[in-house]
Amino acid sequence: MNRKTGKPPSALDIPARALEAAAKPAEMVGQAVERALDPLASVLKRAALKRAQRSGEGHRSEAPAAVQPPAAPGKPGLLVSPLAVAFPQIAPVAGVEIATARAGFYRHERDDLLIMTFPQGASCAGVFTRHGVGSAPVDWCKRQLAASRGEDIRALVVNAGCANSFTGKPGADAVRRVATAVSKRFDCRQRDVMMASTGVIGVILDESRITARLAEAEAKLTPDGWTAAAQAIMTTDTFAKGSVATATIEGHPVRIAGIAKGSGMIAPDMATMLSFVVTDADIAPAALQTLVSLYTRTTFNAVTVDGDRSTNDTLLLFATGQSGAPRISRAGDRRLADFREKLEALLLDLALQLVRDGEGASKFVKITVTGAESHASARKIARTVAESPLVKTAFAGEDANWGRIVMAVGRADEPVNRDRMSVRFGDLVAAQDGLVSPTYSEEKMSAYMKNQELEVGIDVGVGRGHAVIWTCDLTKQYVAINGDYRS
């Protein structure tokens, strides 16, 4: 609490050292960032949770939702997730233009190439996978952002259908050739081009498929192409994912819009498989980097589908500076208060949509752990429970098997007090003080488990640390989808 005001600390109270740590590349900071940000976890998570609870899926569009786009742009034959949400109406964001095209990475008819262009002077910040293998486009983005310091980024190129990961020098050369062709087409430097890929690992990117479509894409550039953009980056996704918000900076309305893709191989250690967010606010790259690093922790890093991290995880945040609002150079600037809140909520919305589209998912599950030794300990316990195959299959079978949850808590290898531990499903207490609850009712539990959206609360009885992880169940369809992923 703020001793002077008696109010919970806000983003303005964030210690400078924490902001500076968050602004550094995630792979350099590692556990140091976790330790620096731990004191902020309760504030950030409470804010995110309140917004998620108000809407049910985080931050939705302020505009009426459009009719849900067909699932055809994804893999043919997949049924739309029963947890799907409609794609929002996203009006143009000043300064960004969008085009999609069919590069032919998929055999079936669909767009699988996305190009975005930005005005001179646009800022960019990114958070990338800490996966040990990584990918050529991830390496490219990290290197170019370090060289440019996120200043004057002019284009983004994304392809679906080929991850270009574990492809050595040939894969890196392919990325460079695409960046060269794009820089010539849009009159900018190589380092002003960001790249991202998703698809099968171990296949070298055929850059000719992209470069052959650049003229077509340039002719199709439009400020109003967000739905097509979200569809073009889908793989096994069953619905396009987007979110939009409007914030105020010194009386100026600024727009924020973003898309994401991801359905399986979701257990981010930074972001998601792919997500691209654009604002027309004028924010310096260093401040933008601080914000995206900080809020990734309470959004994309708080979801898991199957426990497998992607080699290509990429979250890029662009600021075009075209809103007319004053330029902001510090993440802690008071004028950014509303923007910070809206940005975090938008990122949470996109992250929760990944869980709703988990491969084969039929249950959307929020797992809350309290009473842990630290926030980091609570996160580890919550993630262990969320990723346990036995727990996830119990959700799929609508079985309130709290014994499996207790098992998963114990194997997280974090401090717990067995005699003070409790487990609840929604408002129903299954176990408390190390024993089955005296109010336990199998009938009530079974009825609750039939809901599409479930909440599990676990108190481990040793401290004040808490964390929230969102996940889904594990069904036979997950096996079917991944069993023939390359066929």
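**Nonpolar cores, a strand pair and a surface patch**

In this predicted model, the largest nonpolar core brings together 74 residues, and Phe339 and Phe425 have the most contacts inside it. Helix α11 (residues 337-356) supplies the largest share of this core, with 10 residues. A second core, separate from that one, holds 33 residues, including Cys124, Ala257, Ile259 and Leu274.

Phe339 deserves a closer look. Leaving aside residues up to four places away in sequence, the contacts of Phe339 are Ala247, Ile249, Val254, Ile256, Thr279, Ala281, Ile283 and Leu291. Phe339 is thus worth displaying together with these partners when the core is viewed on screen.

Turning to the strands, β1 (residues 97-101) is mostly covered, with 4 of its 5 residues buried. Strand β1 pairs with strand β2 (residues 113-117) in the antiparallel sense, and 5 bridges join the two. Within this pair, Ile98 stands opposite Met116 of β2. As a reminder for the eye following such a strand, side chains in a regular strand alternate between the two faces of the sheet.

Nonpolar side chains also appear at the surface. Val133, Phe166 and Ile201 form a nonpolar patch there, and together they have about 300 Å² of accessible area. Ile201 lies in the loop that runs between β5 (193-200) and α7 (207-211). Ile201 counts as partly exposed because its relative accessible area is 39%, a value between the limits of 20% for buried and 50% for exposed.

How values were computed: Residues are numbered from 1 along each chain as its sequence is written. This is a predicted model: local features need pLDDT of at least 70, side-chain atom pairs count only at pLDDT 80 or more; totals for chains, interfaces and linings use all residues. Side-chain values use heavy atoms; hydrogens and water are left out. Patches are made of residues with over 30% relative accessible area and no salt bridge: like charges are joined within 9 Å, nonpolar side chains (Val, Leu, Ile, Met, Phe, Trp, Tyr) within 5 Å. Accessible areas come from the Shrake-Rupley method with a 1.4 Å probe; for residues, only the protein chains shown count as cover. A salt bridge is a side-chain nitrogen of Lys or Arg within 4 Å of a carboxyl oxygen of Asp or Glu. Buried means under 20% relative accessible area, exposed over 50%, partly exposed in between (1.4 Å probe, protein chains only). Two strands pair if DSSP finds at least two bridges between them. A nonpolar core is a set of buried Ala, Val, Leu, Ile, Met, Phe, Trp, Tyr and Cys residues joined through side-chain atoms within 4.5 Å. Contact means heavy atoms within 4.5 Å.
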